[in-house]
Each structure stands twice: as structure tokens, then as C-alpha cells.
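Several labels attached to this structure rest on numerical cut-offs, and the exchange below asks what justifies each of them.

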Amino acid sequence: MAHDTYFKFMSFGPHTRLSMYMLLKHKSLFFAYKNVLNDPTDCSPFFYVELKDNQLESHIREIAEDNENESADVIQDAIQIIELFEQKKGKAPETKSAQLRRRSRFFRFGYFPTDDPIEIAKAFISHHMRLQVDEARIFSMSKRVDEPRLWAHYSSSHSGFCLELDGLSDRPRGVILDRVDYTTRRPRISVADIKGMRSNEKTRSEIYSRMFFQKSTGWDYEDEQRLVLPRLDQSEDIPVLRFPEGHYIPFKKLKIKSIYFGMNCSTDNIDMVRNLTSQFLKQKPSLKFAVQSEDNYEIRFEDIDHLYV
């Protein structure tokens, strides 16, 4: 199979028609947020704040002044924490809004049992670091179509299907394609790492590898490849359709080379996919279904036309 092809396992459900329509009509793939991933330890590096207490305020001021990369909510929280620092130093009177925040101990990123700016600043910086992962968008694939556990886990025990995708070398600005490395050690990311991402492209690439492309060795059978749109590289004009769980992102040269159906896939679902591809594609992908080999547990694939003889 061609080196540039990747396999996406899918199940049939309430969003299947929409996903296929977006893929066939708009050449768009659904990039999910981190919290939609099936493994909570995935994309979950250990973030640590190595700053000394006297360095916290200046770092938060940098965040507050970063209008290009930060959301209005993040900037507003940073400004409010700076106000707390100023009040502690006696340089600024406590505003009514600050009094209310102190009584309720509320910020957009959480509640706190203290009005100590040091403790709140540390919590805010940790929250800000986690946003780099939480607000990224991810599309997972594999380089394998014949792995039984992938069919079991991601295609509803062979009742789903698998798309062989081509044309991903031409990607929207900011989208990264790379393989997942499997490791026994959880990656660690510091404040200095996050700061370095903004000023050095080589550093950014290395930190992205730790954020998005490292996973427990327990998943190495997946041979996973990922498309990732990091938080810092997002643009409002990239997605063509938005949902709370993620966004559909277009790829100009995206093609479906083949579609593989599981051993338990119903003829109704096969017909639905066949009809959609006939409706939107001039060049039809090859359609195959999985069968078990006669003398072992390996999966092989036969042309779907055998079902319609």
C-alpha cells in the first residue's frame, strides 16, 4: 500500500452520515478536542511550574500582554491576578469587582480558598499550560488495516468500517502530521518550555512532540499517526463546521482510496456508504470487506462485489 495512505477506523452511529458527507463533499475531517479521546492519559504531559515566587507576576504580565495568541478570558484573568499583586503591594486600591472576587474566590479558571496572589498565580499558570493541550484538535489514524484490536475497539467489533485516506501531505497551515511514539515515561513540560514554543520553531516542534505524539506502550499495536492543530497555530478561517466536541477541517487534496467493511457490517450500512460515494465521487474508491483466513486468525480483504453476485 502507498506510503502516503492512512487508515481511519469508524463505527456507524448518529453522526456517520454527517462525517461521510463532510468528507465526500467538503474533503473535511473531524478534529476532536483532547477530552473526547478514549484514553485520559493520552495528550496528558505533566505540567510543572518551576518559577520562583518573585517571577510569577512578570510571567503573568507577559500572558496579559499577548493579545495575538491569548483569548479575552485568559487575558482578563491575568489582569485580575495582576491587580491582586498590586493590592498586596499597596499600589492599587481594591476595586468593587476585586472585592467580589475575593469574597467569592472566583476566576474563570476556578475557585480558590484564598486571595493570596502567589497561590492563585501558580494555579493560573498551570491552567494556562494545560490549555495548550486542551484546546488543540486531533485526528487519529493508523498505518494498519489488518490489526484485529483496531477493528474491535474503533469499528464496533467489526460492524463498522475503515477508510484508507490519501492526499494528506497537502495540509492547512498549522496542521501537523506525525507518528505516535510509545513510551513508558510520562512527558514533562515546564513554563520555560511553553515560553520557548512562542519564540523558537525548533523548540515548538520538540514540545509538540511531547504534548501530542507520545503515548503509553500499551497502545503500540495501533501504530498510530496523528493530525494535530495546536492551539497556537489555529485560525478562525480554517474550520468549515464547528461543534462543542471539535471542528471539521478541510484538506484540498484529500481522497478516499479504499473503504474496508468489517466482518459484521450489515448490508444496509454497506449500501448507505456505497450510495454516498456514488453521489459525491466521480472516481470511486475500491470497496472491500474483511474475512477471516481459513487456517489462522489473520484478516484478509475481498472485493465487495462478491456480496452482490
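Q: Why is tryptophan 151 called buried?
A: In this predicted model, tryptophan 151 has a relative accessible area of 0%, and because buried means under 20%, the label applies.

Q: What makes phenylalanine 301 partly exposed?
A: The relative accessible area of phenylalanine 301 is 22%, which lies between the limits of 20% and 50%, so the intermediate label is the one that fits.

Q: Why is the ring pair of tyrosine 21 and phenylalanine 280 called edge-to-face?
A: The ring centres of tyrosine 21 and phenylalanine 280 are 5.5 Å apart, with the planes at 75°; since centres must lie within 6.5 Å and an angle over 60 degrees counts as edge-to-face, both conditions are met. The pair links distant parts of the chain, with tyrosine 21 in helix 1 and phenylalanine 280 in helix 9, 259 residues apart.

Q: Why are tyrosine 21 and phenylalanine 280 both called partly exposed?
A: Tyrosine 21 has a relative accessible area of 33% and phenylalanine 280 one of 23%, and because the class covers values between 20% and 50%, each residue belongs to it.

Q: What makes the aromatic pair of tryptophan 151 and phenylalanine 301 tilted?
A: The planes of tryptophan 151 and phenylalanine 301 stand at 40°, with 6.3 Å centre to centre, so the distance is within 6.5 Å while the angle is neither under 30 degrees nor over 60. Tryptophan 151 lies in helix 6 and phenylalanine 301 in strand 17, so this pair ties together parts that are 150 residues apart in sequence.

Notes:
Residues numbered from 1 in each chain as written. Predicted model: local features only at pLDDT ≥ 70, side-chain atom pairs only at ≥ 80, totals over all residues. Heavy atoms only, no water. Phe/Tyr/Trp six-rings, centres within 6.5 Å; stacked < 30°, edge-to-face > 60°. Helix = DSSP H or I, 4+ residues; strand = E, 2+ residues; numbered from the N terminus. Buried < 20%, exposed > 50% of the residue type's maximum accessible area, 1.4 Å probe, protein only.
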